[in-house]
Structure formats: structure tokens, C-alpha cells
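This report describes the sheets, side-chain pairs and nonpolar cores of one protein chain. The sequence and the structure are shown first, and the description follows.

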Amino acid sequence: MFGVVFPNRSFPLDISAFAQIDTFHWILDMNTFVGDSYDQVREICIFLLNNFTLPPDKALAVYIQSPGSPFQYCGAVTIARPSAVLTLNWPEPGGQLQLTAANAAPASAKIGVSVEDLASLPSLDVVKEQGVERVAMRVGENLFNYMQSFCGVDGSRLIVPTDILDRWFKKFQERAKRDPEFLKSFQL
């Protein structure tokens with residue numbers, strides 16, 4: 001059905017590593033995987049396996065839960081987007097009290113995967129995300145070119161005036177006010 005990899009931390013894990021709660025929900029107990037250092041696991045790659053067909057209006061949603069906190073949505077995969085690398089921004093632990101028996105295992109962090117209606121999930125607009133990245137890269141390139149025009153060379157180091165960022169930002173803002181097309185040029 002699906003598999004996961006924790007980049008730089010694990011080999012591929014298939015659905016058998018997860019405890020199946022019901023037909024549409026699975027849980028991976030991070031305590032058995034990495035112990036208390038779950039918050040050091042910062043990314044998960046989830047992917048659909050070749051023999052699994054998910055209806056086009058459904059998605060496999062990924063959630064994370066620190067001990068004592070509610071589940072938090074991270075992202076999803078669909079037939080149109082069969083794999084994704086998701087950032088795991090673990091919530092602060094202890095948001096909710098968990099009552100356990102004296103001999104019960106302590107609460108642990110969990111990763112949950114569930115089949116859900118695609119329409120009920122936040123947008124998976126990859127094109128929009130790529131557009132934002134492209135804008136950021138073009139603005140960074142503009143800053144680099146501006147700074148380079150003021151650089152002096154001292155051996156293998158570039159020397160720039162200390163107020164260069166302020167001057168660039170002021171110039172950038174002024175140009176954006178004067179020319180509405182200026183900012184649109186970064187979206188190409």
C-alpha cells in the first residue's frame with residue numbers, strides 16, 4: 001500500500017512497520033523506532049507502492065503527535081502525487097494529559113497515516129510551492145547581483161559595506177512602488 005523512509009535515518013519501511021488501527025488508519029510508534037529522540041527526525045518520505053491504487057478523490061494523509069499533544073497534519077500523497085518528502089515540525093509535548101496505568105508504557109510520539117477525502121485536506125498545490133521557491137531564488141539573485149557590484153576583494157574574501165542590505169532593501173522597495181511590473185518579473 002505505502003512505504004516510508006526517514007532520510008539519513010532509515011531503510012524503507014512498509015506498512016507492516018505500522019500498527020493498523022482500522023481499515024483506513026495506521027500508527028507508527030516513534031518510541032520503538034528512535035526512542036525519546038523522535039524530535040531529531042525532521043523529515044519523512046512517504047510513497048505509494050506500485051500495486052496500490054488510491055481513488056482519485058482520496059489521499060494518504062500524514063500526521064504527527066508528540067507525547068500528550070494532538071495530532072498535527074503534515075501533508076499527503078495522492079495518485080497524482082505518489083510520493084512526497086514532508087517536514088516534521090513536532091508540536092510541543094504535553095498539550096493534553098494522558099492517563100496511563102502505573103505499569104503502562106509512557107506516552108510516545110507517533111506518526112499517523114490515514115486514507116481521507118482529498119477535498120477535506122489543505123491544498124497540495126505543488127506548482128504554487130514551486131512558484132514561491134522560484135520567487136525567493138530570483139529575489140536572492142537580485143540581492144547577490146546588487147551586493148556584487150559593491151564588493152571589494154581581500155585575498156579570497158569579498159568585502160561589502162556594512163549597510164549593503166539596508167541599501168538594497170530600500171532600493172528594492174522603491175522600485176516595487178514605482179513599477180508594479182517589477183515584482184511580477186520575479187514570478188517568471
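## Sheets, side-chain pairs and cores

An open sheet is built from 5 strands in the order 3-4-9-6-7, with antiparallel pairing. Its edges are strand 3 (19-22) and strand 7 (72-77); each has a single partner strand, so one side of each is left without a neighbour in the sheet. From one strand to the next, the twist averages 25 degrees. The model is a predicted one. At one end of the strand order, strand 3 pairs with strand 4 (residues 25-29) in the antiparallel sense over 3 bridges. Within strand 4, I27 is the residue that stands opposite A19.

A further open sheet comprises 4 strands in the order 2-1-5-8, and its pairing is antiparallel. Here strand 2 (13-14) and strand 8 are at the edges, and because each has a single partner strand, one side of each is left without a neighbour in the sheet. The pairing of strand 1 (residues 2-5) with strand 2 is antiparallel and runs over 2 bridges. In this pairing G3 stands opposite D14 of strand 2. Strand 5 (residues 43-48) and strand 8 pair in the antiparallel sense over 5 bridges. V85 in strand 8 is the bridge partner of C45.

In a regular strand, side chains alternate between the two faces of the sheet. Which side chains of strand 8 point to the buried face? Along strand 8 (residues 83-87), A84 and L86 point to one face and are buried, whereas S83, V85 and T87 point to the other and are not buried. V85, the bridge partner of C45, is thus placed on the face whose side chains are not buried.

### Salt bridges

A search of the whole structure yields 2 salt bridges. They are listed below with the exposure of their residues.

| Salt bridge | Distance (N to O) | Relative accessible area |
|---|---|---|
| K58 and D117 | 2.4 Å | K58 24%, D117 39% |
| D163 and R167 | 3.2 Å | D163 32%, R167 29% |

The pair of K58 and D117 links distant parts of the chain: K58 belongs to strand 6 (residues 58-65) and D117 to strand 9 (residues 110-117), 59 residues apart. Strands 9 and 6 follow each other in the order 3-4-9-6-7. K58 is partly exposed, and D117 is partly exposed as well. In the other salt bridge, D163 is partly exposed, and R167 also counts as partly exposed.

### Aromatic pairs

The structure holds 6 aromatic pairs. One of them is formed by F2 and F18 and is edge-to-face, with 5.2 Å centre to centre and 75 degrees between the planes. This pair links distant parts of the chain, since F2 lies in strand 1 and F18 in the loop between strand 2 and strand 3, 16 residues apart. Both residues, F2 and F18, are buried. Together with W26 they form one aromatic cluster.

How are the rings of W168 and F172 placed in relation to each other? Their centres are 5.1 Å apart and their planes stand at 40 degrees, so the pair is tilted. Both residues lie in helix 3 (residues 164-178), 4 residues apart, which is about one turn of the helix. W168 and F172 are both buried.

### Nonpolar cores

The largest nonpolar core has 29 residues, of which F6, M30, L88 and I111 touch the most other members. The elements that contribute two or more residues to this core are strand 1, strand 4, helix 1 (30-34), strand 5, strand 6, strand 7, strand 8 and strand 9. The list thus includes strands 4, 6, 7 and 9, which belong to the sheet of 5 strands, and strands 1, 5 and 8, which belong to the sheet of 4 strands.

Which residues does L88 touch, leaving aside those up to four places away in sequence? They are F6, V41, R42, E43, I44, I64, C74 and I111. Among them, F6 and I111 are listed with L88 as residues that touch the most other members of the core.

A second, separate core consists of 7 residues, including I164, F172, F182 and F186. F172 is also the partner of W168 in the tilted aromatic pair.

Note on methods
Residues are numbered from 1 along each chain as its sequence is written. This is a predicted model: local features need pLDDT of at least 70, side-chain atom pairs count only at pLDDT 80 or more; totals for chains, interfaces and linings use all residues. Side-chain values use heavy atoms; hydrogens and water are left out. Two strands pair if DSSP finds at least two bridges between them. Axes are lines fitted to C-alpha atoms, for helices over the stretch in contact, and angles run from 0 to 180 degrees between N-to-C directions. Buried means under 20% relative accessible area, exposed over 50%, partly exposed in between (1.4 Å probe, protein chains only). A salt bridge is a side-chain nitrogen of Lys or Arg within 4 Å of a carboxyl oxygen of Asp or Glu. Rings of Phe, Tyr and Trp (its six-membered ring) pair if their centres lie within 6.5 Å; planes under 30 degrees apart count as stacked, over 60 as edge-to-face and the rest as tilted. A nonpolar core is a set of buried Ala, Val, Leu, Ile, Met, Phe, Trp, Tyr and Cys residues joined through side-chain atoms within 4.5 Å. Contact means heavy atoms within 4.5 Å.
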